[in-house]
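Q: Could you take a close look at one buried glycine in this model and tell me what surrounds it? I would also like some context from the rest of the chain.

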Amino acid sequence: MHPSPVRPSAAAVRRVFVPRAFVPLLLCCALLFGTAACGGDSDASPSATSSAERQKFAKTRFVANAGLAAGATYQWIVKPYRDGRFKSGADGRRFALVKAGLAGAFTYNRLKAALRNAKGDPTLAKAVAPLAAGIEALKGLPAKLRKGDSTEAVVSSFDGVIGKVKDAGKSAGAEVTDRVPSAGQLARG
């Protein structure tokens, strides 16, 4: 007969394993607070980014935000409209309109961010400045999409503004390509 293995009690297991679970958390906190405490004087840190770097980052951010806006517009506004998903009686119409409304709000938000980004580059700022009013005009359109009001006019407004933003970016050396946002990004706006 083999002797039965000795099993530790549940309390003994918790004493051994529970503290081990907190070790990574404690290390992360120590690193986080340790690096924050070592920040020191801002004058002693390396210099801020150069003007050329700021302009490059401005263009990169502009391209990223405008690309997300263009991707959302095409994927959830233009494409469903062309497929007839917004027509009265279409299967999934309500859901398509709700997604289009979310995409419209997301697009407006990303285009506003792209305008802010463009201010960091003089050429880009000059190219997109005339588009500010057109982007601002999109503000109330997502609600119209959700309700299914004037979908043709709303879709063409979004599509037109995206086209102008892409053209302005291209003329300033910041070519915008569509980047479809994830559902999480769309929900966060």
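A: Happy to! Starting with the whole chain, the protein exposes about 12,000 Å², and carbon and sulfur atoms supply 59% of that area (Shrake-Rupley method with a 1.4 Å probe; for residues, only the protein chains shown count as cover). This is a predicted model, in which local features need pLDDT of at least 70, side-chain atom pairs count only at pLDDT 80 or more, and totals for chains, interfaces and linings use all residues. Residues are numbered from 1 along each chain as its sequence is written, and side-chain values use heavy atoms, with hydrogens and water left out.

The protein chain has 8 helices and 0 strands (DSSP runs numbered from the N terminus: H or I of at least four residues for helices, E of at least two for strands). Of its 189 residues, 30% are buried (under 20% relative accessible area, with exposed over 50% and partly exposed in between; 1.4 Å probe, protein chains only).

Now to the glycine: G101 sits in helix α3, which covers residues 93-118. G101 counts as buried because its relative accessible area is 0%. Beyond its neighbours within four places in sequence, G101 is in contact with P142, L145 and R146 (heavy atoms within 4.5 Å). Between the C-alpha atoms of G101 and G148, 47 residues apart along the chain, the separation is 9.3 Å.

For another buried position, turn to N65 in helix α2, residues 51-82. Its relative accessible area is 11%. Again setting aside neighbours within four places in sequence, N65 is in contact with R110, A113, A114 and N117.
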